[in-house]
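Colleague: Could you take one part of this model and go through it closely, working outwards from a single residue to whatever surrounds it? I would like one connected account rather than a list.

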Amino acid sequence: VISKGLPAGVTKAQIIAGYKAFQAALNHEMSVNTGNFTSLFAVATGQTLANAEDAVGKLRGKGQLLRGTPLFTNIVVTSFPSNTSAIVTSCEDDSPTSVVDAKTGAVVASNFQRYKSVTTMVLDAGVWKASTAQSVGPC
């Protein structure tokens with residue numbers, strides 16, 4: 001990835017705020033699982049939006065919800081492939097979360113791991129949105 005440098009008028013804080021907004025919206029959708037993706041549309045696009053809708057849909061199909069909030073540390077804007085895109089890396093710790101049965105609250109899965117995530121953020125109509133995301137190994 002060839003870095004073009006910070007686009008004019010953009011701060012890394014704005015990009016990180018967009019990243020955090022995506023993670024908060026995804027966690028919210030997974031914890032309420034109503035099938036209404038309005039909050040995700042505002043903060044995600046492309047493959048990340050499709051993957052988020054799929055993940056929420058799979059939980060909903062199984063009658064499950066996410067409980068707890070993942071922790072994100074070491075959030076860094078590492079490069080700018082273009083004037084309207086940025087790469088963000090972070091360490092995601094899912095250990096505070098559990099997948100639960102939506103009706104009974106019984107824990108279905110827990111003990112998740114910490115991993116490094118790489119997310120491409122794109123500027124879309126003045127909003128930094130998550131576009132692609134992948135886990136790339138341990139933090």
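**Around Glu 92 and outwards**

Modeller: Leaving aside neighbours within four places in sequence, Glu 92 is in contact with Pro 70, Leu 71, Phe 72, Gln 113, Arg 114, Tyr 115 and Cys 139. Please keep in mind throughout that this is a predicted model. Glu 92 has its place in strand β3, and because its relative accessibility is 9%, under the 20% limit, Glu 92 counts as buried. One further distance helps to place this residue: Glu 92 and Ser 110 are 18 residues apart in sequence, and their C-alpha atoms are 15 Å apart in space.

Two of the contacts of Glu 92, Cys 139 and Phe 72, lead on to other features, and I take the cysteine before the phenylalanine. A search of the whole structure finds one disulfide, and this disulfide joins Cys 91 to Cys 139, with an S to S distance of 1.9 Å. The pair links distant parts of the chain, since Cys 91 belongs to strand β3 whereas Cys 139 belongs to the segment after β7, 48 residues apart. The torsion about the S-S bond of Cys 91 and Cys 139 is about 105°, so the disulfide is right-handed. The two partners are not alike in their surroundings: Cys 91 is buried, with a relative accessible area of 3%, whereas Cys 139 is partly exposed, with a relative accessible area of 48%.

Phe 72, the other contact I singled out, takes part in an aromatic pair. A search of the whole structure finds one such pair, and in this pair the rings of Tyr 19 and Phe 72 have their centres 6.1 Å apart and their planes at 90°, so the arrangement is edge-to-face. Tyr 19 lies in helix α1 and Phe 72 in strand β2, so the pair ties together parts that are 53 residues apart in sequence. Tyr 19 counts as buried, at 0% relative accessibility, while Phe 72, at 23% relative accessibility, counts as partly exposed.

The elements met so far also bear on the nonpolar interior. The largest nonpolar core has 26 residues, and those with the most contacts inside it are Ile 15, Phe 22, Leu 26, Leu 40, Val 77, Val 88 and Met 121. Helices α1 (12–32) and α3 (46–61), together with strands β2 (71–82), β3 (85–93) and β7 (127–135), each supply at least two residues of this core, and α1 gives the most to it, with seven residues. As a general background, nonpolar side chains tend to be buried together in soluble globular proteins. Ile 15 can serve as an example of the packing: leaving aside neighbours within four places in sequence, Ile 15 is in contact with Val 10, Val 77, Phe 80, Ala 86, Val 88, Met 121 and Trp 128.

Two backbone details are worth adding here. Asn 74, whose place is in strand β2, has a positive phi of about 50° although it is not a glycine, and Asn 74 is exposed, with a relative accessible area of 59%. Ala 125, found in the loop between β6 (114–124) and β7, likewise has a positive phi, of about 55°, although it is not a glycine; Ala 125 is exposed, with a relative accessible area of 77%.

To complete the account, I turn to a sheet made from other strands. An open sheet of three strands has the order β1-β4-β5, with antiparallel pairing. Its edge strands are β1 and β5 (107–109), each of which pairs on one side only, and the twist averages 45° from one strand to the next. Strand β1 is joined to strand β4 (residues 98–101) by four bridges, and these two strands run antiparallel; within this arrangement, the bridge partner of Leu 65 in β4 is Val 100. Gln 64 is found in strand β1 (residues 64–67) and is buried, with a relative accessible area of 13%. Not counting residues up to four places away in sequence, Gln 64 touches Asn 33, Leu 59, Val 99, Val 100, Ala 102 and Val 108. Val 100 thus appears both among the contacts of Gln 64 and as the bridge partner of Leu 65.

Terms used:
Residues numbered from 1 in each chain as written. Predicted model: local features only at pLDDT ≥ 70, side-chain atom pairs only at ≥ 80, totals over all residues. Heavy atoms only, no water. Core = buried A, V, L, I, M, F, W, Y, C linked by side-chain atoms within 4.5 Å. Buried < 20%, exposed > 50% of the residue type's maximum accessible area, 1.4 Å probe, protein only. Contact = heavy atoms within 4.5 Å. Phe/Tyr/Trp six-rings, centres within 6.5 Å; stacked < 30°, edge-to-face > 60°. Pairing = 2+ DSSP bridges. Axes fitted to C-alpha atoms, helices over the stretch in contact; angles between N-to-C directions. Disulfide = S-S within 2.5 Å.
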